[in-house]
Amino acid sequence: MISKFLNGLVGAIYKILPLKEDENSYLSDYLDSLVVQLKGALETYPELASNVRYISVINSIQYFRKNDYTVKQCKREVFKCIKDIEKIQKEGRSYNLEEIK
């Protein structure tokens with residue numbers, strides 16, 4: 001279950017980049033919705049609350065919500081978030097997160 005959530009999260013975070021590049025007016029609402037998902041997952045998957053990489057992802061998305069940033073910064077942070085999520089998935093396989101939920 002958590003692996004499906006994390007897989008979906010990779011796509012959701014990647015979507016930030018074209019929204020920023022196109023200066024899409026929906027970006028702010030999209031980020032707000034994504035933060036709801038990220039924070040909600042802390043209750044659904046409590047093991048994420050102690051995962052430094054996951055907290056880093058939340059911090060990056062929160063930064064996007066509250067600050068101005070360039071496309072270059074956006075690209076760097078989006079790919080960093082994706083890499084962190086992929087590392088969480090690999091860590092999860094090593095201690096079988098699927099059995100937790």
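Buried here means under 20% relative accessible area, exposed means over 50%, and partly exposed covers what lies in between, using a 1.4 Å probe and protein chains only. These close-ups come from a predicted model, so local features need pLDDT of at least 70 and side-chain atom pairs count only at pLDDT 80 or more, while totals for chains, interfaces and linings use all residues. Residues are numbered from 1 along each chain as its sequence is written, and side-chain values use heavy atoms, with hydrogens and water left out.

**View A. F5 and Y45, a tilted aromatic pair.**
Rings of Phe, Tyr and Trp (its six-membered ring) pair up if their centres lie within 6.5 Å; planes under 30 degrees apart count as stacked, over 60 as edge-to-face, and the rest as tilted. Searching the whole structure with this rule turns up 4 aromatic pairs. One of them brings F5 and Y45 together at 5.7 Å centre to centre, with 35° between the planes. This pair ties together distant parts of the chain: F5 belongs to helix α1 (residues 2-14), Y45 sits in the loop between α3 and α4, and the two are 40 residues apart. Helices, by the way, are DSSP runs of H or I with at least four residues, and strands are E runs of at least two, numbered from the N terminus. Is F5 buried or exposed? At 18% relative accessibility, F5 counts as buried. Y45 is buried too, with a relative accessible area of 7%.

**View B. R65 reaches D32 across the chain.**
A salt bridge is a side-chain nitrogen of Lys or Arg within 4 Å of a carboxyl oxygen of Asp or Glu. That rule gives a count of 5 salt bridges. In the one between R65 and D32, the closest N and O atoms are 2.8 Å apart. R65 comes from helix α4 (residues 52-66) and D32 from helix α3 (residues 27-44), so the bridge links distant parts of the chain, 33 residues apart. Both ends are partly exposed: R65 has a relative accessible area of 29%, and D32 has 31%. Also in helix α3 is S33, which is partly exposed at 39%. S33 and Y45 are 12 residues apart in sequence, and their C-alpha atoms are 18 Å apart in space.

**View C. Salt bridges at R76 and K80.**
R76 and E77 meet through their side chains in a salt bridge, 3.0 Å from N to O. R76 counts as exposed at 51% relative accessibility, whereas E77 counts as buried at 17%. Further on, the side chains of D84 and K80 form a salt bridge at 3.7 Å, N to O. How many residues separate D84 and K80 in helix α5? They are 4 residues apart in α5 (residues 71-94), about one helical turn. Salt bridges with shared partners join R53, K80, D84 and E91 into one network. Within this network, D84 is buried, with a relative accessible area of 10%, and K80 is partly exposed at 35%.

**View D. Helix α4 and its N-terminal cap, N51.**
What caps the N-terminal end of α4? N51 does, with a side-chain oxygen 2.9 Å from the backbone nitrogen of R53. A polar contact is a pair of N or O atoms within 3.5 Å; within protein, one must be able to donate a hydrogen and the other to accept it, and residues adjacent in sequence count only if both atoms are side-chain atoms. N51 lies in the loop between α3 and α4 and is buried, at 10% relative accessible area. The C-alpha atoms of N51 and I88 are separated by 8.0 Å, although the two residues are 37 apart along the chain. For α4 itself, the expected span is 1.5 Å times one less than its number of residues. With 15 residues, α4 should span 21 Å, and its end C-alpha atoms are indeed 21 Å apart. Its buried residues are Y54, S56, V57, I58, S60, I61, Q62 and F64.

**View E. K20 over the ring of Y69.**
A charge sits over a ring if NZ of Lys or CZ of Arg is within 6 Å of the ring centre and within 35 degrees of the ring normal. K20 lies over the face of Y69, at 4.3 Å from the ring centre.

**View F. C74 and C81, two unbonded cysteines.**
A disulfide is a covalent bond between the sulfur atoms of two cysteines. The rule asks for a pair of cysteine sulfur atoms within 2.5 Å, and the count comes to 0 disulfides. Why is C74 not bonded to C81? The sulfur of C81 is the closest cysteine sulfur to that of C74, yet it is 9.3 Å away, too far for a bond. Both cysteines are buried, C74 at 0% relative accessibility and C81 at 1%.
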